[in-house]
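Got your viewer open? Load the model below and we'll walk through it one selection at a time.

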Amino acid sequence: AGKGEQIAALSAKQVMDAYHHWLPGGSMVIAGCGDLSAEAVMAMLEKSLQGFEVGKKPRSFASDAIQPVLSASRTTIPMDRQQVHMAVAMPGPGWTSPDRFAVDVMCNILGGTGGRMFANLRDRDGLAYSVAPILSYGRNRGLLGAYIACSPDKVEAAEAGIWSELEAMASEGPTAAELARAKSYIKGAHVMDLQSSESLASTMALMK
């Protein structure tokens, strides 16, 4: 917190120096929400992070510090539930990537109740309770993928369906009608988002 002239006088180096001073070492930040007490959260973390060693190396924000994924892997967390929640993901573009705008449009076409994934995987094929693309931007790299909730007997078909939709988009692209609808929605949503102070701050910090 501070006055406008004080904030404006700060340099990027001063901000980064302060960041590393107050948050030294490691590259992990844990956040959570819900009806949990601090004691319950700490107990969960102590159990989950047994043997975990915090690194002493400062966080790096350089693009070359992020290594590409060379192979696919699957992690399964068994639970006594009647639903399976599954996500597939890959490295995506960052805020400054020229591909970011095309990915925005693609995810808009794939997502939502009128999107391809909902129409094909849920309504047509009956594979999902819910399904949506995943898109998260980082300063250098982001995350791109899809989420689907399905019954346990449809896991393999649901995963295949997600990859089929992503591959179809990559090979065939959108229709003219899909492209027009997505552009119109994104422009309107962006204007609406800028009504909040949080969105304005994020836009100024990241979309420079």
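Here's a short tour of a helix crossing, a ring cluster and a buried helix, in what is a predicted model.

**Stop 1: the crossing.** Select helix α4 (residues 100–110) and helix α7 (residues 176–193); their axes come within 9 Å and cross at roughly 105°. That angle falls in the 65 to 115 degree range, so α4 counts as roughly perpendicular to α7. Now show side chains at the contact: α4 brings Asp104, Val105, Asn108 and Ile109, while α7 brings Glu178, Leu179, Arg181, Ala182, Tyr185 and Ile186. Colour them by class and you'll get 6 nonpolar, 1 polar and 3 charged residues.

**Stop 2: the rings.** Which two rings make up the model's 1 aromatic pair? Pick tryptophan 95 and tyrosine 137: their ring centres sit 5.1 Å apart with the planes at 45°, so this pair is tilted. Tryptophan 95 is in the loop between β1 (84–93) and α4, and tyrosine 137 is in the loop between β2 (130–136) and β3 (141–150), so the pair links distant parts of the chain, 42 residues apart. Keep tyrosine 137 selected and add arginine 100, which lies over the face of that ring at 5.4 Å from its centre.

**Stop 3: the buried helix.** Move on to helix α5 (residues 116–124) and highlight its buried residues: Arg116, Met117, Phe118, Asn120 and Leu121. What covers them? Turn on α4, β2, β3, α6 (155–172) and α7, which are all included in that cover. Finally, step just past α5 to glycine 126 and check the backbone there: phi is positive, at about 65°.

Definitions and conventions
Residues numbered from 1 in each chain as written. Predicted model: local features only at pLDDT ≥ 70, side-chain atom pairs only at ≥ 80, totals over all residues. Heavy atoms only, no water. Axes fitted to C-alpha atoms, helices over the stretch in contact; angles between N-to-C directions. Helix = DSSP H or I, 4+ residues; strand = E, 2+ residues; numbered from the N terminus. Parallel < 35°, antiparallel > 145°, perpendicular 65-115°, else oblique. Contact = heavy atoms within 4.5 Å. Nonpolar A, V, L, I, M, F, W, Y, C, P; charged D, E, K, R; others polar. Phe/Tyr/Trp six-rings, centres within 6.5 Å; stacked < 30°, edge-to-face > 60°. Lys NZ or Arg CZ within 6 Å of the ring centre and 35° of its normal. Buried < 20%, exposed > 50% of the residue type's maximum accessible area, 1.4 Å probe, protein only.
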